[in-house]
Amino acid sequence: MNKKTGLQVVMVLVIFIITLWFYLEYFTKNFEDVKEAAVIEKIDENQNSTSTYINDINYVSTDAKGIKYQITAKKAEIKVENSDEMLLRDVEAFIFIKDSDTFKITSNFSKYNSKNYDTIFSENVIVTYPGHKITGEYLYFSFLSNLGTFTTNVVYAGEKTNLFADKIEMNLATKDTKIFMNDTGKKVLIEGTK
């Protein structure tokens, strides 16, 4: 064998030995021998395996008439057994009606159905649109029928009128409104403002 061939064989053997050593050192260690860094997870005590939690969600829907419904929340809980319904916290929603006013809805909580977009807003519900404000504890909103039903401690504040009632139903597309008291013996209280 000549010198050149011998040197090439030695170089190939050295490369083979280095490769084998590298493979055995770094790729075949038993997992028990590897020191793992501690992983710290922040887990909410209220969370469990039957729900999924999402922060900062945003859903947008548009119907055939061009009415757009957008709902955002700081936190959402999705139950495993019914993934179409979400429980939302710190909610803000907008209803954009083509060639009309924009409605803004805020509440502490809501239950949102991602299939039909029906939403039940609860606790400190406020609906505002130019020149009008309605507050109450519960608002059921059906996106498909554009009907909002306000109940419990309902107060309407307009530019010249305040109104106190048990229930207000409003078609958001036509703005047709019905105002009720649960007890037929009671009347809706209307106050004029300056």
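## Ser142 and its contacts

Beyond its neighbours within four places in sequence, Ser142 is in contact with Asp118 and Leu147 (contact: heavy atoms within 4.5 Å). The model is predicted: local features need pLDDT of at least 70, and side-chain atom pairs need 80 or more, while totals for chains, interfaces and linings use all residues. Numbering starts from 1 along each chain as its sequence is written, and side-chain values use heavy atoms, leaving out hydrogens and water.

Ser142 is found in strand β6 (strands are DSSP runs of E, at least two residues, numbered from the N terminus). Its relative accessibility is 10%, so Ser142 counts as buried. The cut-offs are under 20% relative accessible area for buried and over 50% for exposed, with partly exposed in between, using a 1.4 Å probe and protein chains only. The side chain of Ser142 also makes a polar contact of 3.1 Å with the side chain of Ser145. A polar contact is a pair of N or O atoms within 3.5 Å; within protein, one must be able to donate a hydrogen and the other to accept it, and residues adjacent in sequence count only if both atoms are side-chain atoms.

## Ser107 in β4

A second serine, Ser107, lies in strand β4, residues 102-113. Its relative accessibility of 5% is why Ser107 counts as buried. A polar atom of the Ser107 side chain lies 2.8 Å from the backbone oxygen of Phe109.

With neighbours up to four places away set aside, Ser107 is in contact with Asp90 and Val91. The same list holds Phe121, Ser122, Glu123, Asn124 and Val125.

## Two asparagines with positive phi

Most residues other than glycine have a negative phi. Asn124 has a positive phi of about 55° although it is not a glycine. Asn124 sits in strand β5. Its relative accessibility is 45%, so Asn124 counts as partly exposed. Asn124 is also one of the contacts of Ser107.

Asn146, likewise not a glycine, has a positive phi of about 55°. The place of Asn146 is in the loop between β6 and β7. Is Asn146 buried or exposed? Asn146 is buried, because its relative accessible area is 2%.

## Gly131 in the β5-β6 loop

Gly131 is in the loop between β5 (119-129) and β6 (132-142). At 32% relative accessibility, Gly131 counts as partly exposed.

Gly131 touches Ala157, Gly158 and Glu159, not counting residues up to four places away in sequence. From Gly131 to Ala157 the separation is 26 residues in sequence. In space the two are 8.5 Å apart, C-alpha to C-alpha.

## Pairing of β1, β2 and β3

Strand β1 (residues 51-62) pairs with strand β2 (residues 68-79) in the antiparallel sense, over 11 bridges (pairing needs at least two DSSP bridges between the strands). Tyr53 has Glu77 in β2 as its bridge partner. Ile54 stands opposite Ala76 in β2. The β1-β2 hairpin has five residues between its strands, and there Gly66 takes a positive phi near 90°.

β2 also pairs with strand β3 (residues 85-96), again antiparallel, over 10 bridges. Here Ile78 stands opposite Met86 in β3. β2 and β3 form a hairpin with five residues between them.

## The cavity

How many cavities of 30 Å³ or more does a search of the whole structure find? The search finds one. A cavity is a set of points on a 1 Å grid over the protein atoms alone, where a 1.4 Å probe fits but cannot get out; lining residues have an atom within 4 Å of a point. Points join across faces, edges and corners, and the volume is the space filled by probe spheres set on them.

The largest cavity holds about 90 Å³ of space. Its lining has 13 residues, and the closest to the centre are Val127, Leu139, Gly148, Phe150 and Leu172. β4, β6, β7 (147-157) and β8 (161-171) each supply at least two lining residues. By class, the lining has 10 nonpolar, two polar and one charged residues. Nonpolar means Ala, Val, Leu, Ile, Met, Phe, Trp, Tyr, Cys and Pro; charged means Asp, Glu, Lys and Arg; the others, Gly among them, are polar.

Conventions: Helices (H or I, at least four residues) and strands (E, at least two) are DSSP runs, numbered from the N terminus. On a 1 Å grid over the protein atoms alone, a cavity is a set of points where a 1.4 Å probe fits but cannot get out, and a pocket is an open set with protein on both sides within 12 Å along at least five of seven lines; lining residues have an atom within 4 Å of a point.
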